[in-house]
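Subject: Structure handover

Hi,

Here is the structure I promised to pass on to you. Have a look at it first, then read my notes underneath.

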Amino acid sequence: MSNSNNIFAEEYIPSTPVRIWRNFHNNRLAMIAFWVLLGFIILAIAGPYLVVHPINQMSSHLLIPPSWDDLGSMDHFLGTDDLGRDVLSRLIYGTQLTFGGALIVILIALFVGVPIGILAGVTRGIKSSVLHHLMDTTLSIPSLLLALLFVSLIGMGLETTILAVTLAQIPKFIRSTFSAVVEQMQKEYLMAIKLDGASNFHILKYGILPNILETIVSQTTRALSSAILDIAALGFIGIGAQPPLPEWGAMMSASRDLLLVAPWTVTLPGIAVVICILSVNVVGEGLRQALNEGIE
């Protein structure tokens with residue numbers, strides 16, 4: 001009977017994913033940023049179906065201030081621009097263009113850059129050395145400048161901007177993954193796994209990947225913030241998304257002459273960019289800490 005009680009009294013040891021989630025959930029600031037980021041993801045997916053007013057519908061209600069102003073209207077909660085278009089609807093739709101575009105960039109860069117970095121780090125040799133120096137050279141150029149170079153070669157527009165930013169982000173994933181794999185390859189536990197007769201697949205799955213996951217997560221969040229900023233910056237200088245698309249950077253560019261007359265048309269897209277980048281960074285840091293504590 002006592003043995004039975006001891007069995008049921010054994011402490012439940014949660015799995016690694018459960019421990020990671022618990023550690024992340026205990027970080028209040030990270031959880032707040034997580035819900036904000038989840039809201040941006042929902043808007044990026046369903047934004048076009050949630051807008052109240054057509055994004056390019058012009059009206060005679062020019063430069064109406066936000067609803068909390070005495071001259072504002074609840075029908076246009078965040079006011080209108082100089083063409084009478086609803087700012088809130090354009091901001092919601094723009095989430096898909098700026099944040100959604102950045103998500104596409106990161107997904108492509110992640111699934112292209114990480115395998116190349118792992119392969120280069122595991123194989124080593126002349127090809128790995130050439131790739132290493134090539135990545136160092138590429139990373140010496142700021143990602144925005146690199147994206148500008150690609151846009152100038154490919155052409156203007158939202159699609160070419162996403163492609164250009166993707167090409168600028170891939171080397172970052174290759175370089176960070178390569179460095180993390182090389183560091184792991186030099187550790188004694190991998191030699192022990194090899195001597196134990198493990199296949200290359202098992203070495204990669206159970207030895208290398210769990211130990212470079214934190215690096216991949218950190219690089220992903222940094223790259224996502226950079227991609228959001230790059231897409232908005234290219235739109236702001238006029239070579240990214242073109243009017244009348246309500247991309248956040250393009251919205252700020254189109255309304256910069258109205259900064260003193262109608263500041264909400266410039267500041268609200270800027271605030272959206274700041275909140276989006278801030279939430280990504282906080283979630284990334286919280287997830288990095290949770291991974292570090294959960295895998296130990």
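Below is what I found, going from the overall fold to single residues.

One thing to keep in mind throughout: this is a predicted model.

**Overall fold**

The chain has 11 helices and zero strands, so there is no sheet to look for if you count by DSSP runs. Written out along the sequence, the pattern is α-α-α-α-α-α-α-α-α-α-α. Of the 296 residues, 44% count as buried. Among contacts with a separation of 6 or more, 69% are between residues 24 or more positions apart. The accessible surface is about 16,000 Å², and carbon and sulfur atoms hold 67% of that.

**Helix α7**

Helix α7 covers residues 158-185. What span should its 28 residues have at 1.5 Å a residue? The expected value is 40 Å, and the end C-alpha atoms are indeed 40 Å apart, so the two agree. As for its surroundings, 21 of the 28 residues are buried, which means that α7 is largely enclosed by the rest of the structure.

S179 is a residue of α7 that counts as partly exposed, because its relative accessible area is 31% and the buried class stops under 20%. Its C-alpha atom is 8.1 Å from that of G117, although 62 residues separate the two along the chain.

**The core**

The largest nonpolar core has 60 residues, and F99, I228 and W248 have the most contacts inside it. Which elements give two or more residues to this core? They are α2 (16-25), α3 (28-50), α4 (87-123), α6 (143-154), α7, α9 (200-236), α10 (248-255) and α11 (264-295). Helix α9 provides the largest share, with 12 residues.

I228 is a good place to start looking around. Leaving out neighbours within four places in sequence, I228 is in contact with T98, F99, A102, V273, C276, I277 and V280. F99, one of those partners, is also on the list of core residues with the most contacts.

**The largest pocket**

The largest pocket holds about 590 Å³ of space. Its lining consists of 30 residues, and L37, I41, L103, T220 and L224 lie nearest the centre. Two or more lining residues come from each of α2, α3, α4, α7, α9 and α11. Which helix gives the largest share of the lining? That is α4, with 10 residues.

**Around V151 and P210**

V151 lies in helix α6 and is buried, because its relative accessible area of 3% is under the 20% cut-off. Beyond neighbours within four places in sequence, V151 is in contact with M156, T160, T161, A164, L234 and I239. For one of these, A164, the C-alpha to C-alpha separation from V151 is 5.9 Å, with their positions 13 residues apart along the chain.

P210 is a proline in helix α9. Buried or partly exposed? At a relative accessible area of 32%, P210 is partly exposed. The C-alpha atoms of P210 and L291 are 9.7 Å apart, while the two residues are 81 residues apart along the chain.

**Loops and backbone details**

A few spots are worth a click if you go through the backbone. P243 and P244 are joined by a cis peptide bond, with omega at about 10°. P244 sits in the loop between α9 and α10.

The loop between α3 and α4 has two residues on my list, L63 and S67. L63 is not a glycine, yet its phi is positive, near 50°. With 26% relative accessibility, L63 counts as partly exposed. S67, by contrast, counts as buried: its relative accessibility is 15%, and the class takes in values under 20%. Not counting residues up to four places away in sequence, S67 touches G72, S73, M74, H76 and F77.

That is my list; the core around I228 and the pocket lining from α4 are where I would point the viewer to begin with.

Cheers

Technical notes. Residues are numbered from 1 along each chain as its sequence is written. This is a predicted model: local features need pLDDT of at least 70, side-chain atom pairs count only at pLDDT 80 or more; totals for chains, interfaces and linings use all residues. Side-chain values use heavy atoms; hydrogens and water are left out. Helices (H or I, at least four residues) and strands (E, at least two) are DSSP runs, numbered from the N terminus. The expected span of a helix is 1.5 Å times one less than its number of residues. Buried means under 20% relative accessible area, exposed over 50%, partly exposed in between (1.4 Å probe, protein chains only). Contact means heavy atoms within 4.5 Å. Accessible areas come from the Shrake-Rupley method with a 1.4 Å probe; for residues, only the protein chains shown count as cover. A nonpolar core is a set of buried Ala, Val, Leu, Ile, Met, Phe, Trp, Tyr and Cys residues joined through side-chain atoms within 4.5 Å. On a 1 Å grid over the protein atoms alone, a cavity is a set of points where a 1.4 Å probe fits but cannot get out, and a pocket is an open set with protein on both sides within 12 Å along at least five of seven lines; lining residues have an atom within 4 Å of a point. Grid points are joined across faces, edges and corners, and a volume is the space filled by probe spheres set on the points.
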